[in-house]
Amino acid sequence: MLRLVLQENKNIKVVFNIGRGGIFNMEIWVSELQTKDLGLTARVKEVLFMGESDFQEIMVVDTYEYGRMLILDGVYQCSMFDEYVYSEMISNVPLYVHPDPRKVLVVGGADGGTVREVVKHPAVEQVEIVEIDAKVVEVCRKFLPEISTAYNHPKVQLKFADGVAHMAAAQSQYDVIIVDCSDPVGPGEALFSHAFYQDVYKALKPDGLFVQQTESPFFHQSLIKRLVKDVRSLFPIVRTYLAHIPIYPSGAHCFTVGSKLYDPLLVDTSKIPDLPTRYYNRDIQRSSFVLPNFVRDLLKQ
């Protein structure tokens with residue numbers, strides 16, 4: 001059998017499997033180049049959306065292994081297969097570190113998974129979402145409605161604006177800030193800077209804390225070392241925790257907490273209720289901060 005591969009764009013390939021009787025079948029594959037030498041590829045049932053906003057390329061595909069996937073500028077953002085892991089871990093962990101998280105800010109998170117989890121927390125009274133790209137929200141509401149269910153929740157205020165500028169203008173407003181950003185390229189690059197973390201510190205109340213997704217401990221070590229150093233220069237308590245997310249590079253993903261007062265390692269997990277979650281639970285609240293030796297070594301300054 002002959003395989004003829006046509007490159008549709010930098011992510012999409014169309015494969016024709018040709019037998020003796022002519023074209024046997026056609027396959028569509030989507031790929032993310034996770035490093036310059038490593039990619040993750042999935043076979044596609046259907047390309048649901050392909051377009052551009054003022055900020056980035058947007059694609060939604062339905063795949064055989066991961067279900068529907070959101071892809072921005074060629075980078076996998078979430079999938080129906082595993083989005084609950086990321087959404088539950090970036091939200092519940094910090095919300096149960098803070099004893100009274102009434103006002104929460106989410107920077108980014110256009111798919112809506114994080115805010116879906118935040119509004120479930122009984123102490124939360126108000127959630128502000130600041131997302132730069134209205135087109136991504138529109139696409140997610142149409143093609144990923146199971147994830148973006150909370151945009152009309154009465155606790156939620158959605159603002160389309162630059163998260164960096166919003167943070168620079170905020171002063172002692174939030175109990176918890178969740179930086180649910182994409183990779184440190186394009187629109188997300190400034191959200192990994194020391195200047196941004198200074199503004200995060202300023203925007204938090206005196207006992208506030210923030211969390212940010214901080215990439216793969218295998219493939220983004222220099223980034224993690226640099227940003228943890230930046231956060232430590234501002235916050236007295238800095239902790240990193242892990243989760244397993246198959247579509248992200250290496251499948252291991254880390255998050256970093258900067259806290260003014262509350263230590264994630266001192267949470268009384270017995271007070272955390274049983275939750276209707278698929279990944280997070282009270283034991284993971286504690287165990288996710290138990291790090292392998294290579295990550296501990298990475299975080300030593």
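A polar contact is a pair of N or O atoms within 3.5 Å; within protein, one must be able to donate a hydrogen and the other to accept it. The side chains of Thr-240 and Thr-256 form such a contact, at 3.3 Å. The model is predicted.

**Thr-240 in strand β13**

Thr-240 sits in strand β13, which covers residues 237-244. Thr-240 counts as buried because its relative accessibility is 6%, and the cut-off for buried is under 20%. Apart from neighbours within four places in sequence, Thr-240 is in contact with Val-228, Cys-254, Phe-255, Thr-256, Ser-288, Phe-289, Leu-291 and Leu-299. Thr-256, the polar partner at 3.3 Å, is thus also on the contact list.

**Gln-213 in strand β12**

Gln-213 belongs to strand β12. Its relative accessible area is 2%, so Gln-213 is buried. Two polar partners can be named. The side chain of His-253 makes a polar contact with the side chain of Gln-213 at 2.8 Å. The backbone oxygen of Ser-182 lies 3.4 Å from a polar atom of the Gln-213 side chain. Leaving out residues up to four places away in sequence, Gln-213 touches several others, including Tyr-86, Ile-90, Val-179, Cys-181 and Asp-183. Phe-192, Cys-254 and Phe-255 are also among them. Cys-254 and Phe-255 appear in the contacts of Thr-240 as well.

**Gln-126 in strand β9**

Gln-126 is found in strand β9, residues 126-131. With a relative accessible area of 22%, Gln-126 is partly exposed. The side chain of Gln-126 makes a polar contact with the side chain of Gln-157, at 3.1 Å. Beyond residues up to four places away in sequence, Gln-126 touches Arg-102, Lys-103, Val-104, Lys-155 and Gln-157. Ser-182, the residue whose backbone oxygen lies by the Gln-213 side chain at 3.4 Å, is 56 residues from Gln-126 along the chain. The C-alpha atoms of Gln-126 and Ser-182 are separated by 23 Å.

**Glu-32 in strand β3**

Glu-32 lies in strand β3, residues 22-35. Glu-32 counts as buried because its relative accessibility is 4%. The side chain of Glu-32 reaches the backbone nitrogen of Tyr-76 at 3.0 Å. Glu-32 also touches Leu-38, Gly-39, Leu-40, Gly-74, Val-75, Ile-247 and Pro-249, among others, with residues up to four places away in sequence not counted. Ala-42 is ten residues from Glu-32 along the chain, and their C-alpha atoms are separated by 9.1 Å.

**Helix α1**

Helix α1 runs over residues 83-97 and has 15 residues. From first C-alpha to last, α1 reaches 22 Å, close to the 21 Å expected at 1.5 Å a residue. The helix is mostly covered, with 15 of its 15 residues buried. Glu-83 is in α1, and its relative accessible area is 10%, so Glu-83 is buried.

**Salt bridges**

The structure holds 13 salt bridges. Side chains of opposite charge can pair when their charged atoms come close. Three of the pairs are set out here.

| Pair | N to O distance | Relative accessibility |
|---|---|---|
| Glu-83 and Arg-116 | 2.9 Å | Glu-83 10%, Arg-116 10% |
| Asp-100 and Arg-102 | 2.9 Å | Asp-100 32%, Arg-102 42% |
| Asp-274 and Arg-282 | 3.0 Å | Asp-274 67%, Arg-282 28% |

Salt bridges that share partners join Glu-83, Arg-116, Glu-117 and Lys-120 into one network. The bridge between Glu-83 and Arg-116 spans 2.9 Å, N to O. This pair links distant parts of the chain, with Glu-83 in helix α1 and Arg-116 in helix α2 (residues 113-118), 33 residues apart. Arg-116 is buried, with a relative accessible area of 10%. Asp-100 and Arg-102 are another case: Asp-100 counts as partly exposed, and Arg-102 is partly exposed. Arg-102 also touches Gln-126. In the third pair, Asp-274 is exposed, while Arg-282 counts as partly exposed.

**A nonpolar surface patch**

Leu-38, Phe-218, Phe-219 and Phe-294 form a nonpolar patch on the surface. Together they have about 350 Å² of accessible area. Phe-219 lies in the loop between β12 (204-213) and α6 (221-232). At 37% relative accessibility, Phe-219 counts as partly exposed. Leu-38 is also one of the residues that Glu-32 touches.

Note on methods: Residues are numbered from 1 along each chain as its sequence is written. This is a predicted model: local features need pLDDT of at least 70, side-chain atom pairs count only at pLDDT 80 or more; totals for chains, interfaces and linings use all residues. Side-chain values use heavy atoms; hydrogens and water are left out. Helices (H or I, at least four residues) and strands (E, at least two) are DSSP runs, numbered from the N terminus. The expected span of a helix is 1.5 Å times one less than its number of residues. Buried means under 20% relative accessible area, exposed over 50%, partly exposed in between (1.4 Å probe, protein chains only). Patches are made of residues with over 30% relative accessible area and no salt bridge: like charges are joined within 9 Å, nonpolar side chains (Val, Leu, Ile, Met, Phe, Trp, Tyr) within 5 Å. Accessible areas come from the Shrake-Rupley method with a 1.4 Å probe; for residues, only the protein chains shown count as cover. A salt bridge is a side-chain nitrogen of Lys or Arg within 4 Å of a carboxyl oxygen of Asp or Glu. Contact means heavy atoms within 4.5 Å.
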